[in-house]
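Dear colleague,

Please find below the sequence and the structure we spoke about. My notes on what turned up in it follow directly after.

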Amino acid sequence: MQEMKTPKKSLLYYCIVALFILTALNLFVFPLLKDIHIQDVSYNVLMQMADAKNIGQVEINEGEILFTDKENKQIYRTGKMDDPNLTERLYTAGADFRSISADEMSPMQYFFLSFVLPTLLFGFLGWILFRQLKKRMNGGANAINSMTFGMGGLGSGSAKVYVKSDGGIKFADVAGEEEAKDLLREIVDFLHDPEKYKEIGAKLPKGALLSGPPGTGKTLLAKAVAGEAEVPFFSISGSEFVEMFVGMGAAKVRDLFKQANEKAPCIVFIDEIDAIGKRRDNTMGGNDEREQTLNQLLTEMDGFDSSKGVVILAATNRPEALDPALLRPGRFDRRIPVELPDLQGRAAILRVHAKKIKTAPDVDLDKIARTCPGASGADLANIVNEAALRAVRSGRKAAVQEDFEESIETVIAGYRKKNAIMSDKEKMIVAYHEVGHALVAALQSHSAPVEKITIIPRTSGALGYTMQVDEADKTLLTKTELLNKITTYTGGRSAEELIFKDYTTGASNDIEQATRLARAMITRYGMSENFDMLALETVSNAYLGGDSSLACSPETQTKIDLAAAELVKKQHEKARSILAENTDSLHRIARFLYEKETISGEEFMELLQKTEKNSENRD
Ligand code: ADP
Ligand code: MG
Ligand code: ZN
């Protein structure tokens with residue numbers, strides 16, 4: 001994809017550079033020139049010349065003495081000495097005390113340098129600034145003639161225009177997201193062959209809004225559209241409308257649509273549209289400038305005729321924060337959800353990215369995909385890259401399975417800490433803690449089997465962790481499954497209590513997760529007896545971690561807290577009793593883990609079954 005730029009950008013740079021050179025000249029070069037006339041001499045010379053009565057003018061300064069010879073041909077400079085009779089001696093030598101200036105500028109020169117030049121310079125700069133501003137106020141009329149986009153800075157409108165090129169991103173580069181691709185493909189098809197649609201009377205949708213969590217490939221999809229469509233593609237980010245100058249945002253919107261209309265058929269892509277499209281409200285400190293920009297956008301979207309072939313794509317991860325006016329049919333009438341990839345999607349994305357690196361033939365990407373549920377496309381791209389980096393670090397020519405497995409942990413939990421100081425006792429506690437989680441998970445029939453347990457400290461602060469793997473992605477979770485999850489979270493602390501009769505701070509993250517889940521069960525999933533199917537909490541920012549706000553009376557809040565506490569407590573007790581019945585396995589696996597620091601899911605299951613058999617034999 002090529003981005004068109006203009007040569008005019010250099011104008012501003014030119015001015016800045018000119019200013020720089022001038023300042024540098026003034027600071028460093030002119031003083032040097034001045035100094036050429038002055039000759040540094042020793043104090044002796046002054047004395048000798050005074051004795052020889054060969055002194056013209058003299059200037060005595062703070063740390064130096066400047067003087068000339070009789071003919072005033074040469075200026076000399078010397079240091080100052082503690083010489084009380086100097087003045088007298090110089091006087092008798094016939095010196096003329098006055099200030100000596102080396103740069104005897106003529107009044108004309110002086111006038112020019114200190115008055116005319118700065119005026120000219122500032123005038124020039126001002127003229128340029130003014131011109132740029134005017135250009136933007138006019139909606140960049142000049143800009144279009146010369147394809148002046150993509151200037152940025154104090155330039156004209158900052159939409160980038162892309163033209164089709166062979167190296168661009170294609171739909172094939174976007175793995176998974178088939179639904180989104182289908183919808184976008186239709187738009188591209190319309191732009192290629194509008195007659196086919198006109199025959200039936202179908203109208204092109206005016207706009208499509210891609211919404212989904214960060215890193216799921218929204219921007220990538222838009223770029224793919226640009227790569228596939230054989231029409232100009234304007235790309236601008238919502239934040240670019242928010243400007244230093246009041247009214248500029250609206251002007252930019254106008255500018256953008258004017259350009260788009262002239263280049264139709266074309267596609268306009270507004271990334272992160274929530275920066276301007278936020279719901280208008282009457283809260284204090286509402287942003288007038290943003291509202292103006294939004295209003296302009298709404299007007300422009302109504303104003304153009306979609307049969308001309310201008311399609312507006314936008315992307316956001318906060319669709320619920322967008323102004324309803326923006327979402328009504330006739331504006332962004334197509335909502336394209338871009339969700340986190342499922343198992344197949346993850347495998348496909350891994351495959352797309354793994355193609356770009358060298359991998360060993362035995363790498364099983366499906367297995368990798370299974371071990372990172374919830375990873376976004378960006379995470380997966382990162383995992384592949386980390387694997388390649390690790391392969392290079394280990395001096396391999398291609399990435400092997402182990403590189404991928406290690407890189408998942410790197411992406412999830414950070415790098416291995418090189419020389420983490422952990423005492424034996426601590427290491428033992430962490431081992432029991434992690435095996436506690438794993439055992440509880442494995443012994444509850446509905447819990448997913450463990451994939452890996454490790455007690456190698458990570459840069460993220462995790463001292464160890466248990467990687468659980470779902471065989472298939474689950475979209476629906478039953479109440480039992482949720483309860484079991486909570487039990488698993490409490491398993492680590494339970495093991496500590498059981499074995500060491502004391503517990504540590506290591507469970508803080510588990511506590512957070514268990515609490516969140518327990519509260520969600522009560523307030524959002526209607527899974528408590530007392531409240532039945534009542535929504536006690538609303539979730540905003542579903543794609544960005546999901547902040548929730550309570551929607552109930554303070555009395556109810558207290559009850560929710562109590563209910564959540566009770567729920568977690570019950571599961572905690574269950575975890576403790578599970579472990580108490582399986583202390584043999586707990587000891588055996590924890591010690592094994594302590595020795596090896598990392599054990600795989602298979603090793604874990606093997607050990608577990610062995611212990612179970614042993615105890616059966618004993619019975
Ligand atoms: P966002 O949805 O936040 O705009 P991006 O489109 O910027 O996310 O995606 C970030 C990166 O993640 C992309 O550059 C790409 O490498 C990778 N990626 C995300 N989704 C996919 C996908 N479906 N297929 C291939 N790569 C993807
Ligand atoms: Mg993006
Ligand atoms: Zn834990």
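I begin with the zinc ion (ligand 3), where the four donor atoms subtend angles of 52 to 147°, and the arrangement is irregular because of these angles. For a tetrahedral assignment all angles would have to lie between 85 and 135 degrees, and the range of 52 to 147° around the zinc ion (ligand 3) does not meet that. Please keep in mind throughout that this is a predicted model.

The donors themselves are NE2 of His-433, NE2 of His-437 and two OD atoms of Asp-510, and they coordinate the zinc ion (ligand 3) at 2.0 to 2.8 Å. Read along the chain, these donors follow the spacing H-x3-H-x72-D. Distant parts of the chain are linked here, since His-433 belongs to helix α17 (residues 424–443) whereas Asp-510 belongs to helix α19 (residues 508–523), 77 residues apart. Both His-433 and Asp-510 are buried.

Helix α19 comes up again with Leu-517, which is found in that helix. Leu-517 has a relative accessibility of 17% and therefore counts as buried, the cut-off for this being under 20%. Its C-alpha atom is separated by 7.2 Å from that of Ile-486, although Leu-517 and Ile-486 are 31 residues apart along the chain. The loop between α19 and β15 (537–540) holds Asp-532, a residue other than glycine whose phi is nevertheless positive, near 50°.

The second site to look at is that of ligand 1, which is surrounded by 16 residues, the closest being Ala-175, Gly-215, Lys-218, Thr-219 and His-353. Three polar contacts may be useful when you inspect this site in the viewer:

- A polar backbone atom of Ala-175 lies 2.8 Å from a nitrogen atom of ligand 1.
- An oxygen atom of ligand 1 is 3.3 Å from a backbone N or O atom of Thr-216.
- The side chain of Thr-219 places an N or O atom 2.6 Å from an oxygen atom of ligand 1.

Of the 560 Å² that ligand 1 exposes when taken alone, the protein buries 80%. Two or more residues of the shell around ligand 1 come from each of the elements α8 (218–228), α13 (343–354) and α15 (377–393). Sorted by class, this shell around ligand 1 consists of seven nonpolar, six polar and three charged residues.

Away from the two sites, I noted a few single residues, which I list in sequence order.

Lys-53 sits in the loop between α2 (43–51) and β3 (57–60), and it has a positive phi of about 55° while not being a glycine. With a relative accessible area of 48%, Lys-53 is classed as partly exposed.

Phe-122 is part of helix α4 (residues 107–137), and because its relative accessibility is 59%, Phe-122 counts as exposed; the cut-off for exposed residues is over 50%. In sequence Phe-122 and Leu-19 are 103 residues apart, while in space their C-alpha atoms are 9.8 Å apart.

Leu-365 lies in helix α14 (residues 365–370), and its relative accessible area of 11% makes Leu-365 a buried residue. Between the C-alpha atoms of Leu-365 and Ala-354, which are 11 residues apart along the chain, the separation is 8.7 Å.

Ala-462, finally, is found in the loop between β13 (450–454) and β14 (465–468), where it is partly exposed, with a relative accessible area of 24%. From Ala-462 to Gly-506 the C-alpha to C-alpha distance is 8.7 Å, and 44 residues separate Ala-462 and Gly-506 in sequence.

With best regards

Methods: Residues are numbered from 1 along each chain as its sequence is written. Chains are lettered from A and ligands numbered from 1 in the order in which they are written. This is a predicted model: local features need pLDDT of at least 70, side-chain atom pairs count only at pLDDT 80 or more; totals for chains, interfaces and linings use all residues. Side-chain values use heavy atoms; hydrogens and water are left out. Donors are N, O and S atoms within 2.8 Å of the metal (3.2 Å for Na, K and Ca); water is not among the atoms, so sites may look incomplete. Four donors count as tetrahedral if all angles lie between 85 and 135 degrees; four count as square planar and six as octahedral if opposite donors are over 155 degrees apart and all others between 65 and 115; anything else is irregular. Helices (H or I, at least four residues) and strands (E, at least two) are DSSP runs, numbered from the N terminus. Buried means under 20% relative accessible area, exposed over 50%, partly exposed in between (1.4 Å probe, protein chains only). A residue is near a molecule or strand if one of its heavy atoms lies within 4 Å of it. A polar contact is a pair of N or O atoms within 3.5 Å; within protein, one must be able to donate a hydrogen and the other to accept it, and residues adjacent in sequence count only if both atoms are side-chain atoms. Accessible areas come from the Shrake-Rupley method with a 1.4 Å probe; for residues, only the protein chains shown count as cover. Ala, Val, Leu, Ile, Met, Phe, Trp, Tyr, Cys and Pro count as nonpolar, Asp, Glu, Lys and Arg as charged, and the others, Gly among them, as polar.
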